[in-house]
Amino acid sequence: MQSALDTQPKFDPALARNRFRIGMSDYSSLIFLPRLLRRLNEEAPNIAVEVAGLLDSAYLALESGDLDFCISPMDPDLFINYRPSEDLVHDPLFEDDFVCVVDARFFGSNAQLTTAQYLSAKHNVVRIGEGVETVVEHAWRLADFRPRVAATAPSFSALIFALPGTQLVATAQRKLANAIAPILGLSIYPCPMAVPPLREDMMWHRRNQDNLAHAYMRRIMVEEASELTANHNL
C-alpha cells in the first residue's frame, strides 16, 4: 500500500495518444499553430490536435469541456455579452501590434498613411461574433471613431486577402501582415490611430490544472510562444 502511495504518476510524450481541442483564430492558426505542430511531431507524434474557430461560443465550450484550450486575448472589456468565469485560468503567450495594410496604388507614394487618410478611408473589419469585439473595434469605440465600414471579413487573413484592387484599409496584426501582404503586393504602414497591443493568452479550465498531458501541452505552448517572440525580435 505504501509503495502504491509513493508512486508518482508519469507522462511520456513519446507514448502519449491524447487528443486536444483548441479554439483559436485564423491569426493564431497561421502564426503560432505550425510551431506547435512541429514541436509535437518531434516529441509527441501520436498527440492529435483539433482546431476550432474562435467564435463567441468558444469560451462557453471551454467552460463546458468541449474545448481543452483557447488562444485569445483575455481582456474582459472585449466581451460585451459574456464574462469569462473564475474557473478559467490563463497564461500570456505572445504579443503583437497593429499596422495598416493597403493597396498603395490608391494612397499615393507616401511612406505612411496619414491620420486624415485613415479617418476618411473605407475600412475592412473582422466580425468574430455577437457580443465579442476585436481589439481594433474596441479601440475605435473608445476613441469614438465611427469608421466607414465597406466590408466585413470572417477571418483575419481574409481581411488582408480582400484588399488587392480596392481602396480599403485593413488594421491588422503586424505578424500576420508581414506573412501575407508581400505575397499580394500590398503595402504595410504604421497605424496612425492608437490601438493597444494584442496579447494572445492561453486559457484552460482549472479542472485540467493537474492533468499531466494537459500540463505538457501548456509547457510546450509557452516555450514555442517564447521562441516566436525571440525570432520576431531579431
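Two strands count as paired when DSSP finds at least two bridges between them. Keep that in mind on this tour of a predicted model.

**Stop 1: a strand pair.** Select strand 3, residues 69-72, and strand 10, residues 198-205. They pair in the antiparallel sense, over three bridges. Now pick Cys70. Which residue in strand 10 is its bridge partner? Met203.

**Stop 2: the whole sheet.** Widen the selection to the open sheet of five strands. Its order is 2-1-3-10-4, and the pairing is mixed. Go to the edges: strand 2 (48-53) and strand 4 (88-96). Each has a single partner strand, so one side of each is left without a neighbour in the sheet. On average, neighbouring strands here are turned by 20° against each other, direction ignored.

**Stop 3: the aromatic rings.** Select Tyr27, Phe32 and Phe94. These three form one aromatic cluster. With ring centres required to lie within 6.5 Å, the count comes to six aromatic pairs.

**Stop 4: the largest nonpolar core.** Keep Phe32 and add Leu36, Val101, Tyr118 and Met217. Of the 62 residues in this core, these five touch the most other members. Next, show helix 9, residues 212-232. This helix gives the most to the core, with seven residues.

Zoom in on Val101. What does Val101 touch, beyond residues up to four places away in sequence? Its contacts include Ile160, Leu163, Leu168, Val169 and Leu186. Ser187 is also one of them.

**Stop 5: another core.** Apart from the largest core lies another, of ten residues. Select Ala61, Leu62, Cys70 and Leu88, which are among them. Cys70 is the residue whose bridge partner is Met203.

Key: Residues numbered from 1 in each chain as written. Predicted model: local features only at pLDDT ≥ 70, side-chain atom pairs only at ≥ 80, totals over all residues. Heavy atoms only, no water. Helix = DSSP H or I, 4+ residues; strand = E, 2+ residues; numbered from the N terminus. Axes fitted to C-alpha atoms, helices over the stretch in contact; angles between N-to-C directions. Phe/Tyr/Trp six-rings, centres within 6.5 Å; stacked < 30°, edge-to-face > 60°. Core = buried A, V, L, I, M, F, W, Y, C linked by side-chain atoms within 4.5 Å. Buried < 20%, exposed > 50% of the residue type's maximum accessible area, 1.4 Å probe, protein only. Contact = heavy atoms within 4.5 Å.
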